[in-house]
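I opened my notebook today to look up a few things in a protein model. Here is what I wrote down, entry by entry.

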Amino acid sequence: MFATLSDRLTSTFKNLRTKGRLSEADVDATVREIRRALLDADVAVTVVRQFTGAVRERALSAEVSQALNPAQQVVKIVNEELVGILGGETRTLRFAKNPPTVILLAGLQGAGKTTLAGKLALQLKGEGHTPLLVAADLQRPNAVTQLQVVGERAGVPVFAPHPGNQGADDVMPLGADPVAVARAGLEAARTRQHDVLIVDTAGRLGVDAELMRQAADIRDAVQPDEILFVIDAMIGQDAVTTAQAFADGVGFTGVVLSKLDGDARGGAALSVASVTGRPILFASTGEKLTDFEVFHPDRMASRILDMGDVLTLIEQAERAFDADQAEAMAGKLASGEGFTLADFLQQMQQLRKMGSLKKMFGMLPGMAQMRDALDSFDEREVDRIEAIIHSMTPGERDNPKIINGSRRARIARGSGTTATDVNQLLERFDAAQKMMRQMARSGGMPGMPGMGN
Ligand code: GDP
């Protein structure tokens, strides 16, 4: 996600880093490059203007001229301003004092609302809540079924009108008024003691008055605590106008960026928080129900600036595995000490278990340059790494430096690979180990000592 933007910004800073003092011309050149990178990434013009204005002003101030390392100071400023346009503080869901908490999902058709309903339900269930999903999307023939499928995958009940199921107490005829369905869903949540109600609404391919009216009617009927506007990060400049239309027509308390896994320019989505003044609560990053994260503006900024997002990585590890193992790994990541080939392998296996290897790698710091390699990354690679590491003796695993030519040949034979494969693995491990150490020393941001977190 944001790969191109990230690459562009990273190379802008690389040019800057060779300079000691920064002249006004240096600052202007940098700001110009940043402006171009943001515009090319589809960030809204107003946001770009505000952003570059703030960066320029701060970059020319004493904050930078008196800094020990002016170039790093500029990167720090860009980081802070980026966090600002992404909404500043992390904003989590607000729960009602008197349950059920009602969450209404709004957005265009195909934005990812139904998928999000399932993701949110799964997440909330994991946190001990008892969500109920309501299918108030009765426009699309398959919408109700789709929500039911999603509900089933999440293990969360769905309140929906469906034909031919006489006798169930939530039967309403298909084609029923979505407002009535939403209202009945709320009633059901109350009587069945669900503490969260997630209402999926209909979307259209484009913004229209009827769509807005219906969403507003549902809003009035269920009085949501949160209205989440779901926006497809890939829709480009239209994101801003669509967001504005929903802000005016229905209003919303928060934004969810979906399809952030795509490699679209994505910048329009970055403008939404700033243009509408509403925070981004979640990011959707794939079709699986677990492809879902709380949106942290600071971490997203770090990712865009290729400073890595180790915290999210660790959190996902924690979610997917037993806490002890994850904690041990987190400790090693944080201290940079004692990271061995066995850990490297364990990390690979864990990453694979987590499903989406590439995505995980993208969160590691310093990966912008390696992105091409990552794109050709293949899960079979993990099998190969596994075979190679398993063919090593415990001594070799602890201290790979002892691996000479004959040991290398033996390992290659034992693992059905080549000496080059073994070498490549050792080089990668060496790089990972260095990165861990560097990260530990610089407090999480490799190559930027002294920047802190
Ligand atoms: P709705 O019309 O707003 O309810 O959108 P859906 O939830 O039906 O999603 C539309 C399509 O986008 C479906 O094919 C989903 O599987 C897909 N989708 C939803 N969220 C994501 C995401 O975060 N990443 C990707 N790659 N696909 C997604």
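**Entry 1: the ligand.** I sorted residues into classes before anything else: Ala, Val, Leu, Ile, Met, Phe, Trp, Tyr, Cys and Pro count as nonpolar, Asp, Glu, Lys and Arg as charged, and the others, Gly among them, as polar. With that, I split the shell around the ligand into one nonpolar, 12 polar and five charged residues. For the shell, a residue is near the ligand if its C-beta atom, placed from the backbone, lies within 6 Å of it. Which residues come nearest? Of the 18 around the ligand, I noted Gly 112, Lys 113, Thr 114, Thr 115 and Ser 284. Helix H6 (residues 113–126) gives the largest share of the shell, three residues.

**Entry 2: ground rules.** I reminded myself that this is a predicted model, where local features need pLDDT of at least 70, side-chain atom pairs count only at pLDDT 80 or more, and totals for chains, interfaces and linings use all residues. Residues are numbered from 1 along each chain as its sequence is written.

**Entry 3: the overall count.** I found 21 helices and eight strands in the protein. Helices (H or I, at least four residues) and strands (E, at least two) are DSSP runs, numbered from the N terminus. Of the 453 residues, 43% count as buried. Here buried stands for 20 or more other C-beta atoms within 10 Å of the residue's own, exposed for 12 or fewer, and partly exposed for in between, with C-beta atoms placed from the backbone. I also looked at contacts, where two residues have their C-beta atoms, placed from the backbone, within 7 Å. Among contacts between residues at least 6 apart in sequence, 72% join residues at least 24 apart.

**Entry 4: the sheet.** In what order do the eight strands lie? I read E3-E2-E4-E1-E5-E6-E7-E8, an open sheet with mixed pairing. Strand E3 (158–159) and strand E8 (292–294) are at the edges with a single partner strand each, so one side of each has no neighbour in the sheet. Two strands pair if DSSP finds at least two bridges between them. My textbook reminder: strands of a sheet pair through backbone hydrogen bonds, either parallel or antiparallel.

I then followed one pair: strand E5 (residues 226–232) and strand E6 (residues 254–258) run parallel and are joined by five bridges. In this pair, Ile 231 stands opposite Leu 257 of E6.

Two helices on the sheet caught my eye. Helix H7 (residues 143–154) packs there and touches strand E2 (131–136), E3 and strand E4 (196–201), and its direction makes about 165° with that of E2. Helix H9 (residues 209–222) packs on the sheet too, touching strand E1 (101–106), E2, E4 and E5, at about 180° to the direction of E1. Axes are lines fitted to C-alpha atoms, for helices over the stretch in contact, and angles run from 0 to 180 degrees between N-to-C directions.

**Entry 5: strand E2.** I checked its cover and found six of its six residues buried. Pro 131, Leu 133 and Ala 135 point one way, while Leu 132, Val 134 and Ala 136 point the other way. E2 runs parallel to E4, with six bridges between them, and Ala 136 has Thr 201 as its bridge partner in E4. With E3, E2 pairs in the parallel sense over two bridges, and Leu 133 is partnered there by Val 158.

**Entry 6: two crossing helices.** The axes of helix H3 (residues 45–59) and helix H5 (residues 70–85) come within 10 Å and cross at roughly 145°. Among the residues in this contact are Val 47 and Phe 51 of H3, and Val 74 and Ile 77 of H5. By class, I counted nine nonpolar, no polar and two charged residues in the contact.

**Entry 7: backbone oddities.** Where is the cis peptide bond? I found it from Pro 99 to Pro 100, with omega near 0°; Pro 100 lies in the loop between H5 and E1.

Gln 223 has a positive phi of about 45° although it is not a glycine. This residue sits in the loop between H9 and E5, and counts as exposed because it has 10 C-beta neighbours inside 10 Å.

Lys 259 is not a glycine either, and its phi is positive, near 60°. Is Lys 259 buried or exposed? It counts as buried, because it has 25 C-beta neighbours inside 10 Å.
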